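Me: I would like to go through this model with you by way of a few questions, each answered with its reasoning.

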Amino acid sequence: MLAIARQRMLGQSFKKILPAVSVLRSYSSAAKQITVREALNSALDEEMSADPKVFLMGEEVGEYQGAYKITKGLLEKYGPERVLDTPITEAGFTGIGVGAAYYGLKPVVEFMTFNFSMQAIDHIINSAAKSNYMSAGQISVPIVFRGPNGAAAGVGAQHSQCYAAWYASCPGLKVLSPYNSEDARGLLKAAIRDPDPVVFLENELLYGESFPVSDEVLDSSFCLPIGKAKIEREGKDVTITAFSKMVGYALKVCLLCSVYLDKLCLISI
């Protein structure tokens with residue numbers, strides 16, 4: 001009974017602050033809404049247009065336009081030489097991608113789910129991540145490994161692992177895991193331009209989520225710095241840090257708790 005009473009109290013409190021939510025997170029009418037999927041697609045498109053060394057490879061990225069439609073329209077625009085459908089062999093096409101990066105190209109390797117990257121982890125950790133150090137800086141490996149990571153809806157345990165901590169603890173890799181459309185667009189462009197290997201962890205449940213973006217974000221020159229946290233909400237009493245989909249939940253917690261504590265700070269990393 002006590003638990004039920006607490007749930008009701010929290011629910012009532014949340015309803016009371018809903019009007020305040022619209023004030024705190026309101027956007028101008030000029031702001032455009034785009035999904036995370038559209039943000040990722042546009043980032044790939046613009047970077048491929050700007051740099052002929054950028055190319056895509058992975059399972060079903062071309063003819064099927066991506067398992068999650070992130071690469072929609074890119075095969076038609078750039079052709080099969082720059083959008084490569086691969087066999088179901090992560091170890092094979094990841095090794096090819098790393099070799100292409102050695103040669104100076106900029107491959108973007110898609111894993112249908114990052115769980116499948118385990119098949120290719122030797123290429124990621126022992127080849128891509130270590131080559132710059134082992135060559136005393138003579139070899140750069142400008143490659144991006146991207147795809148959905150973590151729990152999703154209606155998938156098995158072997159499709160639900162989060163690899164953020166795994167790859168973040170590996171020297172030589174930069175690991176990014178965006179939350180909203182602005183982050184996804186700006187950080188993917190930064191990852192493609194970076195001279196070092198980047199693991200880009202997306203969340204399948206966020207692909208269809210829409211977020212407001214400004215004209216600045218939609219500009220082709222827009223790019224976010226790697227390694228700098230973003231303050232989603234300023235405060236002085238409590239600091240909450242989160243990444244990927246958990247940023248959204250943390251924002252809800254901040255809004256709910258603001259009934260009792262007005263100065264919570266949320267930082268997305």
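The questions below move from the whole chain to its salt bridges, its polar contacts and its aromatic rings.

Me: Before we turn to single residues, what percentage of the residues of the chain count as buried?
Reply: The model is a predicted one, and its chain contains 10 helices and 11 strands. The chain exposes about 13900 Å², of which carbon and sulfur atoms supply 57%. Of its 269 residues, the share that counts as buried is 45%.

Me: Among the contacts with a separation of 6 or more, what percentage is accounted for by residues 24 or more positions apart?
Reply: The contacts in question are those in the chain between residues with a separation of 6 or more, and the share asked for belongs to residues 24 or more positions apart. For these residues the value is 80%.

Me: Which helices are tied together by the salt bridge between glutamate 46 and arginine 185?
Reply: The side chains of glutamate 46 and arginine 185 meet in a salt bridge, with N to O at 2.9 Å. Because the two residues lie in separate helices, residues 36–50 and residues 181–193, the pair ties together parts that are 139 residues apart in sequence. The helices are H2, with glutamate 46, and H8, with arginine 185.

Me: Is arginine 185 buried or exposed, given its relative accessibility?
Reply: Its partner glutamate 46 has a relative accessibility of 23% and therefore counts as partly exposed, since the term buried is kept for values under 20%. Arginine 185 has a relative accessibility of 1%, so the class that applies to arginine 185 is buried.

Me: How many residues apart are glutamate 46 and lysine 189, which form a pair linking distant parts of the chain?
Reply: The side chain of glutamate 46 also meets that of lysine 189 in a salt bridge, at 2.8 Å from N to O. Glutamate 46 belongs to helix H2 and lysine 189 to helix H8, which places the two 143 residues apart. Lysine 189 counts as buried, its relative accessibility being 0%. The separation of this pair in sequence is thus 143 residues.

Me: With which residue does arginine 193 form a salt bridge?
Reply: Arginine 193 lies in helix H8 and its partner in helix H2, so that the pair ties together parts that are 146 residues apart in sequence. Arginine 193 is partly exposed at 38% relative accessibility, whereas the partner is buried with a relative accessible area of 5%. The closest N and O atoms are 3.0 Å apart, and the partner is glutamate 47.

Me: Which residues are linked in a network of salt bridges?
Reply: The count of salt bridges comes to 12, among them the bridge of glutamate 46 with arginine 185, that of glutamate 46 with lysine 189 and that of arginine 193 with glutamate 47. The residues linked in the network are Glu46, Glu47, Arg185, Lys189 and Arg193.

Me: With which side chain does the side chain of aspartate 194 make a polar contact?
Reply: Aspartate 194 is found in the loop between H8 and strand E7, and with a relative accessible area of 11% it is buried. Leaving out residues up to four places away in sequence, aspartate 194 touches Pro142, Lys174 and Ile226. The polar contact spans 2.9 Å, and the side chain that aspartate 194 meets is that of lysine 174.

Me: Which residue is joined to threonine 113 by a polar contact of the side chains?
Reply: Threonine 113 lies in the loop between strand E4 and helix H5 and is buried, its relative accessible area being 7%. Apart from neighbours within four places in sequence, threonine 113 is in contact with Pro148 and His159. The polar contact measures 2.6 Å, and the residue is asparagine 115.

Me: Why is the pair of phenylalanine 111 and phenylalanine 114 described as edge-to-face?
Reply: The structure holds 8 aromatic pairs. In this one the ring centres are 5.4 Å apart, while phenylalanine 111 is buried at 1% relative accessibility and phenylalanine 114 at 0%. Planes over 60 degrees apart count as edge-to-face, and the pair earns the term because its planes stand at 70 degrees.

How values were computed. Residues numbered from 1 in each chain as written. Heavy atoms only, no water. Salt bridge = Lys/Arg side-chain N within 4 Å of Asp/Glu carboxyl O. Helix = DSSP H or I, 4+ residues; strand = E, 2+ residues; numbered from the N terminus. Buried < 20%, exposed > 50% of the residue type's maximum accessible area, 1.4 Å probe, protein only. Polar contact = N/O pair within 3.5 Å; in protein donor to acceptor, adjacent residues only side chain to side chain. Contact = heavy atoms within 4.5 Å. Areas by Shrake-Rupley, 256 points an atom, 1.4 Å probe, with all protein chains shown as cover. Phe/Tyr/Trp six-rings, centres within 6.5 Å; stacked < 30°, edge-to-face > 60°.
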